[in-house]
Amino acid sequence: MAEDIALVAINVGIWRRLAVLYPSPATRWRKYAFVLPVCLMNLMQFIFLLRMWGDLPAFILNLFFFSAILNALMRTLFVMWKRLAFEKFLEQLTHIYREIEASSDECSRNLLAMAVAESRRLAIFNLTASFLDILGALIFALFLEQRTHPFGVALPGMDMQRTPVYQIFYVLQLPTPVVLSMMYMPFVSLFAAFALFGRALLQILAHKLSRIGQLQTEEQRYQMLIACIQLHITIARYVRNLTALISYIIGAEALIFGGIICALLFCLNIITSQTQMISIIMYILTMLYVLYTYYNRANDLMIESLRVSQAVYNVPWLECGMAFRRTLLIFLMQTQRPLVIKAGHVYPMTLAMFQSLLNASYSYFTMLRGVTNK
């Protein structure tokens, strides 16, 4: 099972315990107990959002909270909907992982260990940062002059600030640091782990290509080249399967995050409260961090695939026979096209695209500011 793989153990373990992945008849109820209360809270957030319509800064701030929790729900429901595809992909990852782990090549095992260590650090950091961020929102609400829930919620015909209604709903939101962290961050961390594993595979491939010139006989060099081609085919299939699995949800998140960042920048331009300014800057940085994690990890994978192409080009061939030269030429042509993860199967996930997304958000912000200043 993928939970036994250190690369993804933390996040897959969370989803297995919540029955999001690998549910059994005895645990299937857990996913409903996990998701349905958050769905109800998100609906109450939407009702509260409608009440804030006349107060633009408050509306935008609560729109961020509503969108963040809606996005967490989208991720979790998407994984539940695509559960079999996720489990199949994790099975493919586990098979490749076990092969490298059992290999006699120490360099390959070291590259895998580095990817595992980085993946685990990222997973722990993401969960911890998310927990502390939401815990801070819970505590901050206690020090406001006006009674306000950490996540603004409302019900028709009910005064949410009246005692004991306010206290009841505040207590009901106390589990949110744990619940929302387990709902929001595993998807981000798993994507990073998948990309890190793909990068490690490409680094292993480049290492094997560099060894070809050190082999004594042409037969050994030819067999190593064939092994490298087979590994490249495996990596290309892995990246295609990863893209097919997460492409649309990543594309949707890019659009949502871009729009919310634009709205928060606009809100930053019209508010006067320093406390709200600090909060908005933190919210913007949070969304930028998630987007950067996606695009930076995918960009690293693409760069490593370009290095593999260069490693193929550097393979010594002058002293080899025609069969080796012909096979090497075909392999070189195959590696000219970099391996790219695409958002929505359209836009390559690179740092250049990340910058374009930020530029688009800022352009809409300046347009809104220009309209309101007239």
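In the predicted model, the side chains of E253 and R75 meet in a salt bridge, with a nitrogen-to-oxygen distance of 2.6 Å. E253 belongs to helix α8 (residues 218-270) and R75 to helix α3 (residues 56-81), so this pair ties together parts of the chain that are 178 residues apart in sequence. Both partners are shielded by the protein. E253 has a relative accessible area of 1% and is therefore buried; R75, at 0%, also counts as buried. The cut-off behind this label is a relative accessible area under 20%.

The contact between E253 and R75 belongs to a wider set, as a search of the whole structure finds 9 salt bridges. A second example joins R199 and D300, whose closest N and O atoms are 3.6 Å apart. This pair links distant parts of the chain, since R199 lies in helix α7 and D300 in helix α9 (residues 274-313), at a separation of 101 residues. R199 is classed as buried because its relative accessible area is 17%, and D300 is classed as buried because its value is 18%. R199 and D300 are also members of a network of salt bridges in which E118, R199, R297 and D300 are linked.

A salt bridge of a local kind is formed by E101 and R98, with the closest N and O atoms 2.9 Å apart. These two residues both lie in helix α4 (residues 83-101), where they are 3 residues apart, or about one turn of the helix. E101 has a relative accessible area of 38% and is therefore partly exposed. R98, at 35%, likewise counts as partly exposed. Partly exposed residues are those with values between 20% and 50%.

The overall architecture provides the setting for these contacts. The chain contains 11 helices and 2 strands. Read along the sequence, the elements follow the pattern α-α-α-α-α-α-α-α-α-α-β-β-α. The C-alpha atoms fill a box of roughly 85 × 60 × 30 Å, taken along the principal axes. The chain has 374 residues, of which 50% count as buried.

Two further buried residues illustrate how separation along the chain and separation in space may be compared. L209 is found in helix α7 (residues 176-211), and its relative accessibility of 2% is the reason why L209 counts as buried. The C-alpha atoms of L209 and I229 are separated by 9.7 Å, and these residues are 20 positions apart along the chain. F331 lies in helix α10 (residues 322-334) and counts as buried because its relative accessibility is 0%. Between F331 and M44, which are 287 residues apart along the chain, the C-alpha separation is 56 Å.

On the surface, a nonpolar patch of about 670 Å² is made by F131, L132, L135, I139, L142, F143 and V178. Helix α5 (residues 106-142) supplies the largest share of this patch, with 5 residues. F143 is found outside that helix, in the loop between α5 and α6 (165-172). With a relative accessible area of 67%, F143 is exposed, because exposed residues are those with values over 50%.

In the interior, the structure holds 1 cavity of 30 Å³ or more. About 30 Å³ of space lies in the largest cavity. The residues that line the largest cavity are L202, H232, S305, V308, T335, R337, P338 and L339.

The cysteines were also examined. A disulfide is a covalent bond between the sulfur atoms of two cysteines. A search of the whole structure finds 0 disulfides. C262 is in no disulfide, and the nearest cysteine sulfur, that of C267, is 12 Å away. The cut-off for a disulfide is a pair of cysteine sulfur atoms within 2.5 Å. C262 has a relative accessible area of 7% and is therefore buried. C39, by contrast, counts as partly exposed because its relative accessibility is 28%.

Conventions. Residues numbered from 1 in each chain as written. Predicted model: local features only at pLDDT ≥ 70, side-chain atom pairs only at ≥ 80, totals over all residues. Heavy atoms only, no water. Patch = residues over 30% accessible without salt bridge, like charges linked within 9 Å, V, L, I, M, F, W, Y side chains within 5 Å. Areas by Shrake-Rupley, 256 points an atom, 1.4 Å probe, with all protein chains shown as cover. Salt bridge = Lys/Arg side-chain N within 4 Å of Asp/Glu carboxyl O. Helix = DSSP H or I, 4+ residues; strand = E, 2+ residues; numbered from the N terminus. Buried < 20%, exposed > 50% of the residue type's maximum accessible area, 1.4 Å probe, protein only. 1 Å grid on protein atoms, 1.4 Å probe; cavity = no way out; pocket = protein on both sides within 12 Å on 5 of 7 lines; lining within 4 Å. Points joined across faces, edges and corners; volume = space filled by probe spheres on them.
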